[in-house]
Amino acid sequence: MFEQIKHNMETISGVEIYPILSLLIFFFFFVGLGFWVFSYKKDKIKEMSNIPLDEGLSIISKDR
């Protein structure tokens with residue numbers, strides 16, 4: 001089965017660039033994502049991590 005696919009792919013001119021492009025897109029996406037995560041403001045992360053806890057308290061206080 002893979003021989004048929006390999007043969008079909010070999011007949012397409014310029015097909016060897018697609019694996020390289022997909023690897024570069026994958027690599028730069030995760031490098032950019034890692035850079036964004038490590039450069040994000042710590043106080044904003046702390047604020048967002050408390051959102052579920054704050055919403056729970058506001059729901060309880062509205063019921064009473």
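Is F27 buried, exposed or partly exposed, and what is its relative accessible area? F27 is partly exposed, at a relative accessible area of 47%. This is a predicted model. Its chain has 64 residues, and buried residues make up 2% of them. The secondary structure comes to 4 helices and 0 strands.

**Overall fold**

- Along the sequence, the helices follow one another in the pattern α-α-α-α.
- The chain exposes about 6400 Å².
- Carbon and sulfur atoms supply 70% of that exposed area.

**Confidence**

- The mean pLDDT of the chain is 82.
- Of the residues in the chain, 83% reach a pLDDT of 70 or more.
- Confidence is highest in helix α2, at a mean of 95.
- Confidence is lowest in helix α4 (residues 51–63), at a mean of 62.
- Where pLDDT is low, the predicted coordinates should not be read in detail.

**The annotated span**

- The UniProt record, an unreviewed entry, places a "transmembrane region" at residues 17–38.
- In the model, residues 17–38 are 100% helix and 0% strand.
- The C-alpha atoms at the two ends of residues 17–38 lie 32 Å apart.
- Helix α2 itself covers residues 17–39, and I25 lies in this helix.

**A nonpolar surface patch**

- Which residues form the nonpolar patch on the surface? They are I17, Y18, I20, L21, L24, I25, F27, F28 and V31.
- Together, the residues of this patch have about 910 Å² of accessible area.
- I25, one of the patch residues, is exposed, with a relative accessible area of 61%.
- F28 also belongs to the patch, and F28 is exposed at 54%.
- F27 is in the patch too; its value of 47% makes F27 partly exposed, because exposed means over 50% relative accessible area.

**Aromatic rings**

- The structure holds 4 aromatic pairs.
- One of them joins F27 and F28 in an edge-to-face arrangement.
- The ring centres of F27 and F28 are 5.5 Å apart, with 70° between the planes.
- The F27 and F28 pair counts as edge-to-face because planes over 60 degrees apart fall in that class.
- Ring pairs also link F26, F29 and F30 into a cluster.

**The salt bridge**

- How many salt bridges does a search of the whole structure find? The search finds 1.
- The side chains of E47 and K44 meet in a salt bridge, at 3.8 Å from N to O.
- Side chains of opposite charge can pair when their charged atoms come close.
- Where do E47 and K44 sit relative to each other? Both are in helix α3 (residues 42–49), 3 residues apart, so about one helical turn separates them.
- E47 is partly exposed, at 48% relative accessibility.
- K44 is partly exposed as well, at 33% relative accessibility.

Technical notes: Residues numbered from 1 in each chain as written. Predicted model: local features only at pLDDT ≥ 70, side-chain atom pairs only at ≥ 80, totals over all residues. Heavy atoms only, no water. Phe/Tyr/Trp six-rings, centres within 6.5 Å; stacked < 30°, edge-to-face > 60°. Buried < 20%, exposed > 50% of the residue type's maximum accessible area, 1.4 Å probe, protein only. UniProt positions renumbered as here; feature names shortened; annotations may be inferred. Patch = residues over 30% accessible without salt bridge, like charges linked within 9 Å, V, L, I, M, F, W, Y side chains within 5 Å. Areas by Shrake-Rupley, 256 points an atom, 1.4 Å probe, with all protein chains shown as cover. Salt bridge = Lys/Arg side-chain N within 4 Å of Asp/Glu carboxyl O. pLDDT = per-residue confidence, 0-100.
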